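Here is a friendly walk through the strands and helices of this model. Have the sequence and the 3D view side by side as you read.

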Amino acid sequence: MLEPLEAVFARDGLLSRKIPDYRVRSQQLEMAARVAEAIRHNAVLVCEAGTGTGKTVAYLVPALLSGGKVIVSTGTKTLQDQLYHRDLPMVREALNLPVTTALLKGRANYVCRYYLERNLSEGQVQGSEDAAHLQRIARFARVSRSGDKSEFGEVPEDAPAWSLATSTRENCLGQSCAKYRDCFVMAARREALAADVVVVNHHLFFADVMLKDEGMAELLPACNTVIFDEAHQLPETATLFFGERVSTGQLIELARDIRVEALASAKDVPAMPQLCAALDKATRDLRLSLPNDNARFSSPSLASKRGFAAAFAALESAIQSLCAALEPLAERSEGLGRCAERAQETQARLGRWSDDSRDDRVRWVEVFSHSLSQHAERAWIFTSATLAVSGDFSHYVGEMGLDQARSACWDSPFDYAAHAVLYIPENLPDPNSIDHTRAVIAAAFPVIRASGGRAFLLFTTLRAMRLAHELLHEEFRRDSLELPLLLQGEGSRTALLERFRRLGNAVLVGSASFWEGVDVRGEALSVVVIDKLPFAPPDDPVLAARLELLEREGRNAFLDYQLPQAVIALKQGAGRLIRDENDRGVLMICDPRLFSKPYGRRILSSLPPMKLARDLDKALRFAAAAQEPATRSAAVK
């Protein structure tokens, strides 16, 4: 190491000169030392660090000091941007190292000059707003160095026009593209290959690095260290990429691309527009054959869904006809050739999905508001995102196949015993009863009133979330309590959080989107209510197939999979409460199973060491005190 870690993390060390309000934390130094050791020995390290440890700095310091090439993979693009634009420059400046860095995202985040120009010239835009957006994107592409759409705020990131101005892994023409030399994606990848530290996200790591996408095959072999932040998200991400997936969106996009390419290179084949229209219609009919609600259906359960089998057969027939027509045209242009390859691969995936002769896969259909996806996951993809359950890593390392991994765990440096109360109300109904959500609101309302709002209410289902919002609105009206009441879905998560922080006394009712990756520090948040233990729904066909596989292997599906998954999810939700050493608050979990079931003790031992309260008065006193600045100041001295 160029600089002893102790000198970097000391009270008057390199970090303290660059980081405002820097504090020495023994946990942070210990984690940095273990990361440095793992880098030196090319070892595998699995570690968990509690809130407030400063784990980002703890791994960045030894990684940068090591002098090798490093890939850091984060859970989301938001965290990726934060790491690249804030944390990494801060540590690099503190260490005064000439380290080069690169930010690399998936290709859908960069303007594709080829598809942008093609869709502008071919008039593929539907609607005046989309046309205006596409023109703005074209102006941005002419002046931008990166082509990264996150740098262009004039067009919303979810605007339909972006799909006409970006490429996908399936339709990219690669080196045969006429715009290849000026490609934003390839420029970003060249920078990544030359950089010392590359920041990616998990989706990109599996889609491009592990699957050897063009231009990325050299990145991983040249790397000395790979660091996965937010590693609990890895198994779900890996499942998406090591299984197979076909979506209606992909099929509609394929039909659109073939229609445009045929218009340019196969005008003498009048059947092509009709064949593309037939694929588009068959795809939309397949989506309409299932209910409109967001849901998952296992392959066997689809037999009872009227019309699905016929719609699927029609889709297979449409893609087969299109493949046959495309085959003799593939040599006419690079675009038609790529479309032919995509069509053949899609036909093969649909055939594999409908193949009932194999029993080594989990197959399901997932329905969204306007689209449908078919998945086939090989059973050996079965993994867990749990890092530690009561300090034990055996579940995580076993399921991830990291049997030789080193492991370490550090508790949060925050004083939870002094600053937080875990309130578990008595006499609540069974979590699966129809009265449970009403009981949750009845129990939580006095605490919310005592704290003056400043609360998150987190629910395990959207249905419970919406009912809770209605009930809470009625309670506020009945009690003449004028507190801002926010609901997930009323705006983007970012916008809702910003409004929540700005208001200072709001109550936010949310579901999965707010269980993790949400950071509200200070007095704006002092109460977190969780309706019940976040066990995955037993009727989920994917979960059912996984549990069946575990039982066939002679393992206990509940203890080996369901319970650890629920523990890590609960820890994520509970982690929203205390985000700073001066934060105070009440964590309220409305699930009687924490005391009525044998596994309850194991779950409680996995949570931060808060004071436990069963009676309402104790929770009310703590909630009321948490909103008094003077009390807060005195409590932390």
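β15 and β16 run parallel to each other and are joined by 4 bridges. Across this pairing, Val528 faces Leu587 of β16. Please keep in mind that the model is predicted.

β16 also pairs with β11 (residues 420-423), again in the parallel sense and over 4 bridges. Here Tyr423 has Met588 of β16 as its bridge partner. How much of β16 is buried? In this strand, residues 585-589, 5 of the 5 residues are buried. Both of its faces are covered, with Gly585, Leu587 and Ile589 buried on one side and Val586 and Met588 buried on the other. The general pattern behind such a split is that side chains in a regular strand alternate between the two faces of the sheet.

These strands belong to an open sheet of 7 strands with parallel pairing, in the order β13-β14-β12-β15-β16-β11-β17. The edges are taken by β13 (485-487) and β17 (611-613); each has a single partner strand, so one side of each has no neighbour in the sheet. On average, neighbouring strands here are turned by 20° against each other, direction ignored.

The table gathers the parallel strand pairs, including one from another sheet that we will come to below.

| Strand pair | Bridges | One facing residue pair |
|---|---|---|
| β15 and β16 | 4 bridges | Val528 and Leu587 |
| β11 and β16 | 4 bridges | Tyr423 and Met588 |
| β12 and β15 | 4 bridges | Ala455 and Val527 |
| β2 and β4 | 5 bridges | Ile71 and Val198 |

Next comes a helix that lies on the 7-strand sheet. α19 (residues 493-503) lies across β12, β13 and β14 (507-510), and runs at about 165° to β13. Which residues of α19 are buried? They are Leu496, Leu497 and Phe500. These three cover an arc of only 95° around the axis, which means that they sit on the same side of α19. As a general rule, an α-helix has 3.6 residues a turn, so residues three or four places apart point the same way. The buried residues of α19 pack against β12, β13 and β14. On the face turned away from that buried side, α19 carries the exposed residues Thr494 and Arg502. Just after the helix, Gly504 has a positive phi of about 85°.

Let us turn to the other sheet. This open sheet has 4 strands, paired in parallel, in the order β3-β4-β2-β5. At its edges stand β3 (101-103) and β5 (225-228), each with a single partner strand, so one side of each is left without a neighbour in the sheet. From one strand to the next, the twist averages 20°. Within this sheet, β2 (residues 70-74) and β4 (residues 197-201) run parallel and are joined by 5 bridges, with Ile71 opposite Val198 in β4.

Finally, a pair of helices is worth a look. α2 (residues 26-40) packs on α3 (residues 55-65) at an angle of about 40°, with the axes 8 Å apart. The crossing of α2 and α3 is right-handed. From α2, the residues Gln28, Met31, Ala32, Val35, Ala36 and Ile39 take part, and they meet Lys55, Val57, Ala58, Tyr59, Pro62 and Ala63 of α3. By class, this contact has 10 nonpolar, 1 polar and 1 charged residues.

How values were computed. Residues are numbered from 1 along each chain as its sequence is written. This is a predicted model: local features need pLDDT of at least 70, side-chain atom pairs count only at pLDDT 80 or more; totals for chains, interfaces and linings use all residues. Side-chain values use heavy atoms; hydrogens and water are left out. Two strands pair if DSSP finds at least two bridges between them. Helices (H or I, at least four residues) and strands (E, at least two) are DSSP runs, numbered from the N terminus. Axes are lines fitted to C-alpha atoms, for helices over the stretch in contact, and angles run from 0 to 180 degrees between N-to-C directions. Contact means heavy atoms within 4.5 Å. Buried means under 20% relative accessible area, exposed over 50%, partly exposed in between (1.4 Å probe, protein chains only). The arc is that of the directions from the helix axis to the C-beta atoms. A crossing is left-handed if the near helix is turned anticlockwise from the far one by less than a right angle, and right-handed if clockwise. Ala, Val, Leu, Ile, Met, Phe, Trp, Tyr, Cys and Pro count as nonpolar, Asp, Glu, Lys and Arg as charged, and the others, Gly among them, as polar.
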